[in-house]
Amino acid sequence: MAKTEGEIIIKKYANRRLYNTGTSTYVTLEDLAKMVKKGEEFLVQDAKTGEDITHSVLTQIIFEQESKTGNTLLPISFLRQLISYYGDQMQMVVPTFLEHSMKAFTDQQVQMREQMTRAFGDTPLSKNLQAPMQMMEEQVRRNTEMFRQALQMFSPFTAQPPASAAKKTDSKDIDELKEQLRNLQNRLDNL
């Protein structure tokens, strides 16, 4: 898809067809997903009213992506929590928190890939990001815990887990990470 100058406008017609005004072609939700992955910004408008419907179209793309693959990005527990915030006093805080968390996650992912490439070069080992992804998952868990703690500040009547249990979990996670690093170092030494 050719990229045009200025903002890309996608028009959605009553028959649910999507028209890219920049390239003068009809596109699919899959095409829009590819544009998002490439970092291309676009605005989706209702062809009849001119209303901005970008949010609902992006949500539809997420729904289709979640439906067609076995690997979902949105666990059921997360979806339940997200739904519970609608109509809640925290509804105004959640979008900003999620935006900041995703930006931090993306920044960390870029840093991790750069570090892996510097450490191992452009090899199949550096492309296998299992260990770094586990570190990312740990960061997501920490972000979720920080979010939960922030919510408790606004909702003081919710039960708080014992601090000692959290420390034991953190200690166990750190030990697991150390063990994984030792294993990676041994593999490198053997190469």
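## Exercises on a sheet and a pocket

Leucine 18 stands opposite valine 27 of strand β3. The model examined in these exercises is predicted.

**Exercise 1.** Determine which strand pairs with β3, and in which sense.

*Solution.* Begin with valine 27, which lies in β3 and faces leucine 18. Next, assign leucine 18 to a strand: β2 covers residues 18–20. Finally, read the pairing: β2 and β3 are joined by three bridges in the antiparallel sense.

**Exercise 2.** Establish the strand order of the sheet and identify its edge strands.

*Solution.* First, place the four strands in the order β3-β2-β1-β4, which gives an open sheet with mixed pairing. Then look for strands that pair on one side only: these are β3 (25–27) and β4 (42–46), the edge strands. From one strand to the next, the twist averages 35°.

**Exercise 3.** Describe how helix α2 is placed relative to the sheet.

*Solution.* Locate α2 at residues 54–68. This helix lies across β1 (8–12) and β4. Its direction makes an angle of about 105° with β4.

**Exercise 4.** Characterise the largest pocket by its volume, its lining and the helices that contribute to it.

*Solution.* Start with the volume, which is about 2,900 Å³. The lining comprises 50 residues, and those nearest the centre are Ile62, Leu73, Leu74, Phe78 and Met102. Sorted by character, the lining contains 26 nonpolar, 15 polar and nine charged residues. Last, consider the helices: α1 (29–38), α2, α3 (76–85), α4 (94–120) and α6 (130–154) each provide at least two lining residues. Helix α2 thus appears both across β1 and β4 and in the lining of the largest pocket.

How values were computed: Residues are numbered from 1 along each chain as its sequence is written. This is a predicted model: local features need pLDDT of at least 70, side-chain atom pairs count only at pLDDT 80 or more; totals for chains, interfaces and linings use all residues. Side-chain values use heavy atoms; hydrogens and water are left out. Two strands pair if DSSP finds at least two bridges between them. Axes are lines fitted to C-alpha atoms, for helices over the stretch in contact, and angles run from 0 to 180 degrees between N-to-C directions. Contact means heavy atoms within 4.5 Å. On a 1 Å grid over the protein atoms alone, a cavity is a set of points where a 1.4 Å probe fits but cannot get out, and a pocket is an open set with protein on both sides within 12 Å along at least five of seven lines; lining residues have an atom within 4 Å of a point. Grid points are joined across faces, edges and corners, and a volume is the space filled by probe spheres set on the points. Ala, Val, Leu, Ile, Met, Phe, Trp, Tyr, Cys and Pro count as nonpolar, Asp, Glu, Lys and Arg as charged, and the others, Gly among them, as polar.
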